[in-house]
Amino acid sequence: MLFTSLIFLSVLVSGVFSQNILLTNDDGWAVAQIRAQNDALKAAGFNVVLSAPAENESGTGSSTATPGPLSQPCEFNTCPTGSPAEGSDANDDRLNYVNSFPVDAVRFGIQTLAPEFFGSAPEFVVSGPNVGTNLGSGITGSGTVGAACEAALEGIPSTAFSATSNSQVSFTTLTTNPTSTSTLAALLYAQLTTQFTQALVSPASRPILPADITLNVNFPSTSGCSSASQFKFVLTRLISNSSATDVQTCGTTHLPVETKTTVVHSSGCFASVSVIDARTKKDVSAQTQAVVLNRLGSFLSCFTT
């Protein structure tokens, strides 16, 4: 596949990574986008364990509950009724489900799976890419954002990724229908998420992000942006606030807003990168934004219309 080849080319150019990454989402452990993401991170040299809800838990925010046995099959019939509260793929014990909310899935990954597979806590949590964008004040209801925030509150740097896509389809479509729109979109979003993760975690300095801080990244549609080389990442804010002073970049102290009418759904192939407080799910100070800006450096672009 073209996109897989590009991922391997990126690895050859930028070097192989060995960071331990926990992968989660809110759409469920068996959707195409999370499995494509798992493959892309592994191809880039990351050490990956997946821990995601057994079923689609979109829109559950930071809800939490004790996981219980399955009263119905996992999504796309990937495990039968009566399966235990936590389980793994019969052929790959690094692909794990948790029969509860995204927060509980990431918590299980951090506290139980990471020590088992990594011998320590994960170094980074990738949440998503979500099926559909999570923008502005709407992020409070996002389980993908909720999982990323939970990771940050547990001391693990994280990023929530969301994509302009409605492809709530099984991972099996990646192989049964490799040229479908949903498959190509999943592969492209996986490549972009991997590139962003490489850019964020590769500098030797630690911590990767300030304490209790996570990032909210949103990708535009692939309908007019079919190649990773077309995409540009832009530092943004969640909510428009003319009285707020943001970090100075691109000749201004007012960051563009990530919402649908601005960066993400503009005429260009721009992906938004908002720095948020994991405790409040709101914008942060210019000083905190500056930490992320300095870490990502030239990986970020200016927003132009």
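**View 1. Strand 6 and strand 7 side by side.** In this predicted model, strand 6 and strand 7 (residues 213-219) run parallel and are joined by five bridges. For a place to start looking, find Ala 160, which stands opposite Asn 216 in strand 7. Strand 6 itself covers residues 158-163, and six of its six residues are buried.

**View 2. The two faces of strand 6.** Which residues sit on each side of this strand? On one side you'll find Ser 158, Ala 160 and Ser 162, and on the other Thr 159, Phe 161 and Ala 163. Both faces are covered, with every one of these residues buried.

**View 3. From strand 5 over to strand 6.** Strand 5 (residues 124-131) is also a partner of strand 6: the two run parallel, with five bridges between them. Here Val 125 is the residue to pick out, standing opposite Ser 158 in strand 6. To get from strand 5 to strand 6, the chain goes through helix 4 (residues 143-153), making a right-handed β-α-β crossover.

**View 4. Helix 4 and its surroundings.** Why is helix 4 described as largely enclosed by the rest of the structure? It's because 10 of its 11 residues are buried. Those buried residues are Gly 143, Thr 144, Val 145, Gly 146, Ala 147, Ala 148, Cys 149, Glu 150, Ala 151 and Ala 152. As for what does the covering, strand 5, strand 6 and strand 7 are included, along with strand 1 (20-24), helix 3 (102-117) and strand 9 (270-277).

**View 5. Ser 272 in strand 9.** Zoom in on strand 9 and you can pick out Ser 272. Ser 272 has 0% relative accessibility, so it counts as buried. What does Ser 272 touch, once its neighbours within four places in sequence are set aside? Its contacts include Asn 216, Val 217 and Asn 218. The others are Leu 135, Val 234, Thr 236, Glu 258, Val 263 and Val 264. Asn 216 has turned up before, as the residue of strand 7 opposite Ala 160.

**View 6. The second largest pocket.** This pocket holds about 200 Å³ of space. It is lined by 15 residues, and the closest to its centre are Thr 181, Ser 182, Ala 185, Thr 222 and Ser 223. Which element gives the most to the lining? That's helix 6 (residues 181-201), with six residues. In make-up, the lining has 10 polar residues and five nonpolar ones, but no charged residues.

Definitions and conventions:
Residues are numbered from 1 along each chain as its sequence is written. This is a predicted model: local features need pLDDT of at least 70, side-chain atom pairs count only at pLDDT 80 or more; totals for chains, interfaces and linings use all residues. Side-chain values use heavy atoms; hydrogens and water are left out. Buried means under 20% relative accessible area, exposed over 50%, partly exposed in between (1.4 Å probe, protein chains only). Helices (H or I, at least four residues) and strands (E, at least two) are DSSP runs, numbered from the N terminus. Two strands pair if DSSP finds at least two bridges between them. A crossover is right-handed if, with the strands pointing away from the viewer, the path from the first strand over the helix to the second runs clockwise. On a 1 Å grid over the protein atoms alone, a cavity is a set of points where a 1.4 Å probe fits but cannot get out, and a pocket is an open set with protein on both sides within 12 Å along at least five of seven lines; lining residues have an atom within 4 Å of a point. Grid points are joined across faces, edges and corners, and a volume is the space filled by probe spheres set on the points. Ala, Val, Leu, Ile, Met, Phe, Trp, Tyr, Cys and Pro count as nonpolar, Asp, Glu, Lys and Arg as charged, and the others, Gly among them, as polar. Contact means heavy atoms within 4.5 Å.
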